[in-house]
Amino acid sequence: MPDQVNGPEVRIRPWVDGDLALLRRVNTPVMKKHVGGPETDEQVLARHQRYLNFVATGAGCMFSILLGTEREAVGTIGYAERLWNGERVYEIGWNVLPPFQGRGIAVAAAAAAVASARSERKHSHLHAFPSVDNPASNAICRKAGFSLLAECDFEFPPGRFMRSNDWCLDLTATP
């Protein structure tokens with residue numbers, strides 16, 4: 001799968017083995033405060049392996065967010081299958097490193113990831129479940145064209161429920 005480009009500076013590239021270092025960079029208390037805190041190194045390694053296997057298993061796709069002509073890795077974005085309200089859907093999530101936040105990078109990366117999910121023609125809907133206490137991620141959903149459906153109790157990570165907003169984007173609609 002080639003890099004997806006959105007705008008002159010932001011690209012997403014399918015996850016590769018070398019992205020483990022990036023995954024460790026986003027595994028901090030600040031970056032993970034809305035999703036239960038940092039993971040252990042064992043959990044990070046298991047997550048990395050899942051990301052590497054996403055495409056081969058048909059479970060979704062994980063990407064590195066790259067910035068500028070030097071393609072600096074500044075975050076992660078990806079989507080994965082889940083059962084939600086009786087329907088098989090994709091769930092999307094992202095992380096942008098603090099020095100790069102507030103610059104529209106996550107919105108541009110989300111547009112590229114939506115295009116990738118849409119091109120698969122596998123699922124009709126893409127959901128995002130940011131915490132109700134995470135204004136930045138909720139703003140990204142709004143700017144990326146998602147519709148707010150409702151507040152819900154969402155389990156992430158497994159065994160931990162959080163109050164989230166359920167944002168949905170129709171992948172069958174013409175962009």
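What radius of gyration does the protein have, and why does the value agree with that of a compact globule? In this predicted model, local features need pLDDT of at least 70 and side-chain atom pairs count only at pLDDT 80 or more, whereas totals for chains, interfaces and linings use all residues. Residues are numbered from 1 along each chain as its sequence is written, and side-chain values use heavy atoms, with hydrogens and water left out.

The radius of gyration, taken over C-alpha atoms, is 15 Å, which agrees with a compact globule because 175 residues would then give a value near 16 Å (the rule being 2.2 Å times the number of residues to the power 0.38). Along the principal axes, the C-alpha atoms fill a box of roughly 40 × 35 × 35 Å. The protein holds 4 helices and 8 strands (DSSP runs of H or I over at least four residues, and of E over at least two, numbered from the N terminus), and their order along the sequence is β-β-α-α-β-β-β-α-β-α-β-β.

Of the 175 residues, 44% are buried, that is, under 20% relative accessible area with a 1.4 Å probe, counting protein chains only. Among contacts (heavy atoms within 4.5 Å) between residues at least 6 apart in sequence, 60% join residues at least 24 apart.

Helix H4 (residues 135-143) has as its buried residues Ser137, Asn138, Ala139, Ile140 and Cys141, and their cover includes strand E5 (87-96), helix H3 (105-120), strand E6 (125-128) and strand E8 (161-170). Gly145, which follows H4, has a positive phi, near 95°.

Methods. Buried means under 20% relative accessible area, exposed over 50%, partly exposed in between (1.4 Å probe, protein chains only).
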